[in-house]
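Q: I should like to learn how to read side-chain features from a set of atomic positions. Could we work through one case together?

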Amino acid sequence: MPSEQKRSWVEQVMGLPVSVLARGSQARSVAADKAVQAVYAELRELDRIFSPYKPDSAVSRLANGGLGWDDVDPIVREVAERCEQARDLTGGLFDADTPAGTWDPSGLVKGWAAERASRQLADVSGLDWCLNAGGDVVVFCPSGEPFVVGIQDPRDPGRVVTTIACTAGAVATSGTAARGAHLYDPRTGGSAASNWLSITVTGPSLESADILATAAFVAGDDWPRAVSALPRYDGLGVLADGTLRATEGWPRTGEAR
């Protein structure tokens with residue numbers, strides 16, 4: 001495909017690099033650029049509301065008592081409901097209520113926000129696109145030609161352990177490689193102790209794949225059961241010695257679903 005039919009963008013949003021790769025006859029159009037800028041604008045707004053690191057965000061104000069649940073915006077209530085649904089879905093392996101007694105929906109918000117914002121790109125007719133939010137990926141290719149998504153080696157960020165070809169759907173990874181031992185086990189209140197360095201989940205929705213990847217990592221050796229909480233999702237785990245274990249439906253060919 002000629003180079004003029006491809007274009008990429010990258011911005012730092014939500015504390016991580018968010019890239020968009022577009023392909024097709026509209027890739028360099030004004031419409032495509034406007035759609036991408038709308039994606040970034042929506043992500044910045046959602047970060048303003050949900051970042052636990054911004055003192056004036058709804059999440060921070062709920063934590064410090066500056067805001068009550070009766071006063072939050074409807075979108076905050078929506079995310080709270082989604083977090084409750086995620087907790088029920090995963091049998092408590094995913095929980096936005098922290099051991100410190102605060103509410104932190106970060107484990108859901110990144111995938112949900114990226115998927116929500118990516119809908120701006122679907123309005124550009126005939127455009128293939130791949131949005132990558134810090135390693136969590138959502139893809140849509142009306143052309144039928146897949147993007148190849150690499151699964152990072154958690155032992156060496158410059159390498160991949162495998163690739164999958166995606167024409168539609170999502171890929172999400174949870175583990176300790178990027179941010180260290182940041183995940184906690186809601187069942188114990190302590191850090192999630194796992195023999196697995198990372199768990200990657202593919203499926204139709206990035207929000208759901210992200211939730212299942214987090215729950216699967218917390219589940220440890222029982223992670224395939226956590227991934228199976230929803231149909232059409234599959235996973236790949238990487239052990240410290242590089243051993244790979246996959247669910248029956250992995251790898252996907254053509255679609256991450």
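The dialogue below takes up aromatic pairs, a charge over a ring, cysteines and one buried serine.

Q: What kind of model is this?
A: The model is predicted.

Q: How many aromatic pairs are there by the ring-centre rule?
A: Two aromatic rings pair if their centres lie within 6.5 Å, and planes over 60 degrees apart count as edge-to-face. By this rule the structure has four aromatic pairs. One of them joins Trp69 and Trp103, with 5.0 Å from centre to centre and 70° between the planes, an edge-to-face arrangement.

Q: Where in the chain do Trp69 and Trp103 lie?
A: Trp69 belongs to the loop between helix H2 (58-64) and helix H3 (74-89), while Trp103 belongs to the loop between H3 and helix H4 (106-122). The two residues are 34 residues apart, and their pair links distant parts of the chain.

Q: Is Trp103 buried or exposed?
A: The reading rests on relative accessible area, for which buried means under 20% and exposed over 50%, with partly exposed in between. Trp103 has 12% relative accessibility, so this residue counts as buried. Its partner Trp69 has 35%, and is therefore partly exposed.

Q: Why is the pair of Trp196 and Trp223 edge-to-face?
A: Their planes stand at 75°, with the ring centres 5.9 Å apart, so the pair is classed as edge-to-face. Trp196 is in strand E8 (residues 196-203) and Trp223 in helix H6 (residues 223-227); this pair, 27 residues apart, also links distant parts of the chain. Both Trp196 and Trp223 are buried.

Q: Which residue lies over the face of Phe147?
A: In such a case one looks at the position of the charge relative to the ring centre and the ring normal. Here Arg23 lies over the face of Phe147, at 4.0 Å from the ring centre.

Q: Why is Cys141 without a bond to Cys130?
A: A disulfide needs two cysteine sulfur atoms within 2.5 Å. The closest cysteine sulfur to that of Cys141 is in Cys130, at 7.7 Å, which is too far for a bond. For Cys166 the closest cysteine sulfur is likewise in Cys130, at 7.8 Å, again too far. Cys141 is buried at 6% relative accessibility, and Cys166 is buried at 1%. Over the whole structure, the search finds zero disulfides.

Q: Which residues does Ser208 touch, not counting those up to four places away in sequence?
A: With those neighbours set aside, Ser208 touches Leu230 and Tyr233. Ser208 lies in helix H5 (residues 206-219). Its relative accessible area is 18%, so Ser208 is buried.

Terms used: Residues numbered from 1 in each chain as written. Predicted model: local features only at pLDDT ≥ 70, side-chain atom pairs only at ≥ 80, totals over all residues. Heavy atoms only, no water. Phe/Tyr/Trp six-rings, centres within 6.5 Å; stacked < 30°, edge-to-face > 60°. Helix = DSSP H or I, 4+ residues; strand = E, 2+ residues; numbered from the N terminus. Buried < 20%, exposed > 50% of the residue type's maximum accessible area, 1.4 Å probe, protein only. Lys NZ or Arg CZ within 6 Å of the ring centre and 35° of its normal. Contact = heavy atoms within 4.5 Å.
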